Amino acid sequence: MKIYKFGGSSLGSAARIKKVIEIIAAGRVDGRPPVVVVSAFYRVTDLLFEAASSASAGSENYRNVLDQIRKQHERVFMELFPGGDDHGISALTGQDLIELHDLLHGVFLLRELSEKSSALLLGFGERLAARIVAGYLNSKDMPAVYIDARELIVTDTNFINAKVDIEETTSRIKARFCDEGVIHVVTGYIGATPDGTTTTLGRGGSDYTASLLGAALGAEEIVIWTDVDGFFSADPRRVRDARVLPFISYAEAMELSHAGAKILHPFTILPAMKASIPVLIKNSFNPDAPGTRIEREIRRLQEQQHPVTGLSSINKVVLLNLSGSGMVGVPGIASRLFSCLARNAINVIFISQASSEQSISLAIDPLQAAKARKVLDAEFAGEMHARLIDPVAVRRNLAMVAVVGNNMTGHPGVSAQLFETLGKNGINVIAVAQGANEMNISVVIDNHDEDKALNCIHESFFLSQRKIHVFIAGTGTIAKSLINQIARHRMNLRKEKDLDVLVCGLANTRMIAISSDGIDLECWEESLIQRVPEYAGIDGYIRLVREHNLHNTVFVDCTASGLVAERYPELLRADISVVTANKLGMAGPAELYDSIRAAQRGSNVRFLYETNVGAGLPIINTLNDLKNSGDNIISIEGVLSGTLSYIFNELRKGGRFSEIVRMAKDAGYTEPDPRDDLSGADFARKVLILGRELGYPMEYGDVRCESLVPEELQSDMPVGDFLDRLVMVDEWYADQIRLAGEKGMTISYAGEIRNGKASIGVKQVPLSSPLAGLSGSENMVVFTTGRYLDTPLVVRGPGAGGEVTAGGVFADILRVASYLV
């Protein structure tokens with residue numbers, strides 16, 4: 001024999017009830033039909049609660065809600081029994097509805113709703129549902145009998161969350177179930193005191209009813225039919241990649257249920273576990289799905305042997321903290337604390353005590369917080385008056401997240417991995433609890449971070465694919481190339497690196513696109529919409545990024561805006577990693593530079609800016625590797641402008657300076673106004689960044705920069721006039737090439753950092769110098785160090801262009817990903 005329990009979603013309509021009857025018909029074992037436990041129809045319990053609340057408040061709205069309940073049942077009734085042959089069920093449900101009306105009217109007149117009345121009211125949904133299901137079974141020639149669980153399940157007088165008398169309940173169940181050929185349809189959720197007063201087993205208590213019946217009758221299986229495919233590794237509404245767990249142990253199911261997993265009533269497992277009866281979670285909408293099997297000995301494949309089985313959470317908890325020096329070494333404080341709460345029927349969800357014995361923290365339901373504080377203040381009034389114990393501190397708007405798994409026991413590093421994951425995502429752990437069996441670590445956090453915590457923990461323990469969420473500022477050349485590169489390589493990263501790069505935000509000064517699930521990169525430009533005023537500018541964009549509060553977030557700056565660069569410290573302090581191609585942060589004023597560095601040191605995230613100096617060339621990383629490994633940096637020389645590299649490489653071939661500049665502009669190598677490149681300002685910023693990397697307290701003005709724009713041409717003349725008049729320097733450059741050649745040298749526009757001094761300008765370099773061998777728009781950096789003294793270390797390659805720079809940005813994003821996940 002099996003026990004089948006059907007939840008409200010499985011009984012949401014006449015069509016759903018017909019599907020349930022098919023499942024029941026297929027559930028016979030050795031000719032014995034299953035025992036059926038039913039919840040109220042979909043949403044009916046909520047409506048009953050709403051009606052009771054309205055009535056107790058003196059609102060006649062209870063009549064409207066009652067009418068909704070009546071119509072819902074009548075609609076189902078008419079579809080199930082179109083011919084009117086209902087085996088007398090219509091009269092019985094009609095009597096129940098009249099009784100419900102009279103009870104609500106009494107509450108309305110008295111303006112009072114006791115727990116005793118609430119229990120009676122809230123149980124009508126199960127009574128109505130069980131009558132209709134039993135009647136429909138009989139109409140289909142499947143003999144069934146309606147059983148009111150109040151005749152079976154005996155409880156105490158805690159009417160809303162009653163405690164079951166297991167011995168008496170078991171005796172009554174065994175005495176009642178004697179006809180094995182009849183389908184017993186039992187009301188879930190409700191019980192009764194020894195004198196017959198209605199009680200309830202708490203929300204979701206129909207699961208518990210099924211377990212009590214199964215244990216008493218020695219059932220082969222207890223099957224909980226619901227609207228999901230099984231027990232998930234996390235709440236699928238919060239963690240998109242949550243997966244169905246084929247098997248979990250009794251202990252794991254109990255831990256997850258007590259910590260907030262709503263798929264099972266917390267007490268469901270205990271009777272089944274004591275009787276060694278497997279519990280199955282199945283989907284009535286998809287009955288062929290295997291579901292989840294819960295039993296003592298679980299079978300997992302080798303690849304499923306992760307230390308963590310699943311996560312659960314409770315969204316709203318209040319943390320009470322009792323602390324004071326008078327608690328240290330004083331026996332009985334904890335006993336008084338918990339006895340006081342127990343006497344006042346206050347349920348404790350979470351307990352944490354400092355080893356110093358100076359404080360005890362506990363989490364409870366917010367609805368009980370005021371009462372708990374009041375009774376504890378009264379219990380310890382003497383100690384508080386003597387200032388031995390502080391008044392009870394209450395902290396609200398918190399959530400509890402539980403990490404559960406049998407394999408956590410004796411598995412080193414689980415706690416470290418958990419707290420590292422939370423820390424890297426800027427999630428503050430307020431309190432921690434772990435039992436000696438090591439299979440549950442519970443943390444209390446701000447409830448604003450609950451979804452973020454669930455997702456990053458889920459990924460960290462390989463329960464789902466790792467993700468990073470990228471928000472891009474700017475939609476220009478570099479951003480477009482970056483988006484295309486991510487789109488091309490995303491599937492490869494998912495397959496080979498188990499990493500999904502989701503672009504969740506794009507913004508420029510006028511338009512924006514945001515999606516927590518990731519923007520479609522094949523048509524991202526169509527996703528851009530006009531910004532609304534409250535999210536205008538970089539302030540509005542960053543506010544949106546923070547409001548989304550996604551785990552493993554990376555802010556990518558593809559602009560050249562000083563306003564964006566100024567926000568790096570704020571992003572880092574919010575534990576949002578930053579990858580930037582924008583030099584105006586690291587080459588900005590010393591105050592901004594110092595602020596960025598301080599924010600980086602104080603955060604748990606990464607700040608990467610490799611492309612600031614060499615686009616896609618590994619210059620910053622190479623320099624840091626040399627420094628960190630103890631090498632002595634003697635000097636750094638180089639050409640760090642693709643535009644100026646091209647111009648001087650062409651000069652060495654015999655070209656004329658003015659013609660080469662014009663060619664470079666026509667080829668798109670220069671800015672629209674070539675003077676922006678010829679001034680050397682961008683080159684100087686790169687040299688400044690390298691100087692700061694070496695530890696020199698430099699400002700932009702400390703870099704001696706020779707401008708290639710003749711002084712007499714530095715006015716605001718049109719670009720065309722500037723290019724026409726640039727011929728005036730052609731002979732000078734020709735002379736410089738000739739003079740250098742006479743010495744066996746050539747000229748280059750190069751930068752140098754040596755002995756804390758930085759300079760950029762036209763220099764003579766030996767023909768044997770690496771700088772003399774550049775071609776096209778190549779960049780080069782030459783590191784002369786203690787280790788690389790006779791043969792300097794050279795980094796050479798393309799130093800400009802959207803594709804190259806975007807590739808460097810993409811590489812930095814992947815470096816952040818390897819750190820975060």
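In helix α18, the residues I538, G540, Y541, I542, L544 and V545 are buried. The structure described here is a predicted model, and this helix is a handy place to start looking around it. Helix α18 covers residues 537-548, and its 12 residues reach 17 Å from the first C-alpha to the last, close to the 16 Å expected at 1.5 Å a residue. The cover over its buried residues includes the strands β17 (466-473), β18 (499-507), β19 (511-514) and β21 (553-557), and it also includes the helices α19 (562-565) and α20 (568-573). Just after α18 comes N549, with a positive phi of about 50 degrees.

Positive phi values deserve a second glance, because most residues other than glycine have a negative phi. Two aspartates are worth finding on the screen in this respect. D141, although not a glycine, has a positive phi of about 60 degrees, and its place is in the loop between α6 and β3 (144-147). D575 is likewise not a glycine and has a positive phi of about 60 degrees; this residue lies in the loop between α20 and β22 (577-580). As for their surroundings, D141 counts as exposed because its relative accessibility is 70%, whereas D575 is buried, with a relative accessible area of 17%.

The helix that precedes the loop of D141 brings the discussion to α5 and α6. The axes of helix α5 (residues 115-122) and helix α6 (residues 124-139) come within 5 Å and cross at roughly 20 degrees, which means that α5 is roughly parallel to α6. On the α5 side the contact involves L120, L121 and L122, which meet F124, G125, E126 and R127 in α6. By character, the residues of this contact divide into four nonpolar, one polar and two charged.

Strand β3, on the other side of the D141 loop, belongs to an open sheet. Eight strands form this sheet in the order β3-β4-β2-β1-β7-β9-β10-β8, with mixed pairing. Its edge strands are β3 and β8 (247-249), each of which pairs on one side only. On average, neighbouring strands of the sheet are turned by 20 degrees against each other, direction ignored. At the β8 edge, three bridges join β8 to strand β10 (residues 292-295), and the two run parallel; S249 has E295 in β10 as its bridge partner. Helix α1 (residues 14-25) packs on the sheet, where it touches β1 (2-6), β2 (35-38), β4 (183-187) and β7 (221-226). The direction of α1 makes about 170 degrees with that of β1.

Methods: Residues are numbered from 1 along each chain as its sequence is written. This is a predicted model: local features need pLDDT of at least 70, side-chain atom pairs count only at pLDDT 80 or more; totals for chains, interfaces and linings use all residues. Side-chain values use heavy atoms; hydrogens and water are left out. Axes are lines fitted to C-alpha atoms, for helices over the stretch in contact, and angles run from 0 to 180 degrees between N-to-C directions. Helices (H or I, at least four residues) and strands (E, at least two) are DSSP runs, numbered from the N terminus. Angles under 35 degrees count as roughly parallel, over 145 as roughly antiparallel, 65 to 115 as roughly perpendicular and the rest as oblique. Contact means heavy atoms within 4.5 Å. Ala, Val, Leu, Ile, Met, Phe, Trp, Tyr, Cys and Pro count as nonpolar, Asp, Glu, Lys and Arg as charged, and the others, Gly among them, as polar. The expected span of a helix is 1.5 Å times one less than its number of residues. Buried means under 20% relative accessible area, exposed over 50%, partly exposed in between (1.4 Å probe, protein chains only). Two strands pair if DSSP finds at least two bridges between them.
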